[in-house]
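Reader: Please pick one small part of this structure and go through it closely. I am in my first year, so plain steps would help, and then show me what surrounds that part along the chain.

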Amino acid sequence: MKILMVSSEAVPYAKTGGLADAVSALSISLAKLGHDVRIVIPRYYPIDRSSLTLLPDAMGTPMGGGIEEWSAVYTTNMPGADKKNPVKVYFIDHEIFFGRDGIYGSPVESDFIDNSRRYIFFCKAAFQLCRKIKWYPDVLHAHDWPAAVAPVYLKFAERVSGIKGEFENTISILTIHNLGYQGIYHKDNFDYAGLGWDVFYNAGFEDWSMLNMLKAGLYSADKINTVSPNYAEETKHEAHGFRLDGVLRYRSADYQGILNGIDDVVWNPEKDTYIPENYSVKNMEGKAKAKEALQKEFGLPMDSNVPVIGIVTRLTDQKGVGELFGPTYGSAWSICRDMDVQMVILGSGEHWCESEISSLASRLSNFKAKIGYSEKLSHLIEAGADFFLMPSRYEPCGLNQMYSLAYGTLPIVRSTGGLVDTVENFNEDTGEGTGFMFEQLNPSSIYNTVGWAVWAWYNRRDDITKMQKRGMTKDFTWESSALKYVEMYNDTFKALGIKVKA
Ligand code: ADP
């Protein structure tokens, strides 16, 4: 199959979260299965053009009100993909929209005022790119709100008035990586899409008189999915539906969850280049070395008996940071005050939270923090910690709990989203499970569940060791996820009566 991934992020070029990892890893795995996979992303300002190949001739993209002229298109092969069947990445270089620092915003403008135009243009440009390179995909696979208008163009423009031989046999898929971000802007921006106002209503853009890009994509894509089966179920209900639960119920016959995988080269204790010594389920010595290195790095006493609780996270409400670090009521303070533990955190995000964490670190000798983003430290925490805490408010899939399991670090998580699909709660009677779970998101649940894990550490060490080993042998590979995506593509062809040419 010819598959075009339309995404605003892809590692190693542009990343703000799990979306970037998922798009690249899925593409590489699909290519390994023999498919012709290409990715299109914007050429953001920090992406160095000197290592990319410039395609001849500038590209024009017809938008409402005129042609958006002079986009350059660059290309390269995705690192890490099979050399025999490379994944090509195309970059749309359009100065007025993407020639600035920041992907969706900057420190002074958290959400760029022209984001709807930037990404509506990007979606339309994806079609122009195919024309330019004369390559028409069987599958147009869009990711999250920035790419959600691509399925709308396919359904309401290309299929209705497109040129024969181009997109009439193309199917569209929209993957939700996070329903919390929908791309809601003033509807005045819609003229720029160059679609009639009937499409504004028929494609489902309309949202209380605003323009909702994700909603339109969810109505228009042939099939939709999200990144774990449990999150797919949760989002059909009001509590997790971010006001789109009705749309997802309406589309439920075409909506499913497919669990993300993890990169088993980068996130593998047997191959990890960031940790002091590699280790495996058969020989865990390297994990003890990683714990020592972690304690040293964070300036904690190097004591192997004390359990270390690690956290790596964006500091935003989604991750339960209010319940963890909220002044006067957050549970991190009482955990570190009352329990014989060490806690290390790596994160960046909301300003109040960063300063609260710094304040905690100055008051508690067993709580240490690094504010910022560090790939290396995140690996050291995953390898060196004994427990990994993730009290998420909601979690479409979550990567860190899977990394933790792979590294023999027991996750302590809230029962939500993909955390339910990946972690099994400890059963004190049988010793079964791979982690510790709680239902309600409040400081006392976090406190009590961490307390339970710490109790097990000191009193049920055999169970802890067995749980570590059980977690380390779980299969979270992208290969199995990629096969499920292929199945979804095939189901869509079948449903639409389209035969894919071999
Ligand atoms: P989300 O995409 O909602 O942030 P995920 O768990 O799906 O959550 O993915 C987060 C990814 O970002 C993981 O790879 C995690 O290790 C990484 N990450 C988050 N914050 C940091 C940080 N401060 N430093 C290094 N890596 C981080």
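Author: Start with S209, which is partly exposed: its relative accessible area is 38%. It counts this way because a residue is called buried under 20% and exposed over 50%, and partly exposed in between. The model is a predicted one, so every value here is computed from predicted atoms.

S209 sits in the loop between strand 10 and strand 11. Its phi is near 75 degrees, a positive value in a residue that is not glycine. The two strands on either side of this loop are joined by 2 bridges and run antiparallel. In that pairing, E206 has L211 of strand 11 as its bridge partner.

Now widen the view to the sheet. Three strands make an open sheet in the order 9-11-10, with antiparallel pairing. Strand 9 (184-186) and strand 10 (206-207) are the edge strands, each pairing on one side only. Strand 11 (residues 210-212) therefore stands between them in the order 9-11-10.

Further along the chain comes strand 12 (residues 223-226), where the surroundings can be read from both faces. In a regular strand, side chains alternate between the two faces of the sheet. In strand 12, K223 and N225 are on one side, I224 and T226 are on the other, and all of these are buried, so both faces are covered. Strand 12 also has pairing partners. Strand 8 (residues 171-176) runs parallel to strand 12 and is joined to it by 4 bridges; there, T175 is the bridge partner of N225. Strand 13 pairs with strand 12 in the parallel sense over 3 bridges, and I224 has Y255 of strand 13 as its bridge partner.

For a second case like S209, look at F242. This residue lies in the loop between helix 8 (229-234) and helix 9 (245-250). F242 is not a glycine, yet its phi is positive, about 45 degrees. F242 counts as partly exposed, at 33% relative accessibility.

After strand 13 (255-257) there is a loop that leads to helix 10 (285-297), and D264 is found in it. D264 is partly exposed, with a relative accessible area of 35%. Together with D263, D475 and E479, D264 gathers in a patch of negative charge on the surface.

Strand 14 gives a contrasting picture. Of its 8 residues (308-315), 7 are buried, so strand 14 is largely enclosed by the rest of the structure. Strand 14 pairs with strand 15 (residues 342-349) in the parallel sense over 8 bridges, and R314 stands opposite S348 there. Strand 14 is also joined by 2 bridges to strand 17 (residues 387-390), again running parallel; in strand 17, F387 is the bridge partner of I309.

A helix residue can be buried too. I446, in helix 17 (residues 443-459), counts as buried at 0% relative accessibility. The C-alpha atoms of I446 and I335 are separated by 8.9 Å, although these residues are 111 residues apart along the chain.

One last loop detail is in the bond between V11 and P12: this peptide bond is cis, with omega about 5 degrees. P12 lies in the loop between strand 1 (2-6) and helix 1 (18-32).

Conventions
Residues are numbered from 1 along each chain as its sequence is written. This is a predicted model: local features need pLDDT of at least 70, side-chain atom pairs count only at pLDDT 80 or more; totals for chains, interfaces and linings use all residues. Side-chain values use heavy atoms; hydrogens and water are left out. Patches are made of residues with over 30% relative accessible area and no salt bridge: like charges are joined within 9 Å, nonpolar side chains (Val, Leu, Ile, Met, Phe, Trp, Tyr) within 5 Å. Accessible areas come from the Shrake-Rupley method with a 1.4 Å probe; for residues, only the protein chains shown count as cover. A salt bridge is a side-chain nitrogen of Lys or Arg within 4 Å of a carboxyl oxygen of Asp or Glu. Lys and Arg count as positive and Asp and Glu as negative; His and the chain ends are not counted. The place of a charge is taken as NZ of Lys, CZ of Arg, CG of Asp or CD of Glu. Buried means under 20% relative accessible area, exposed over 50%, partly exposed in between (1.4 Å probe, protein chains only). Two strands pair if DSSP finds at least two bridges between them.
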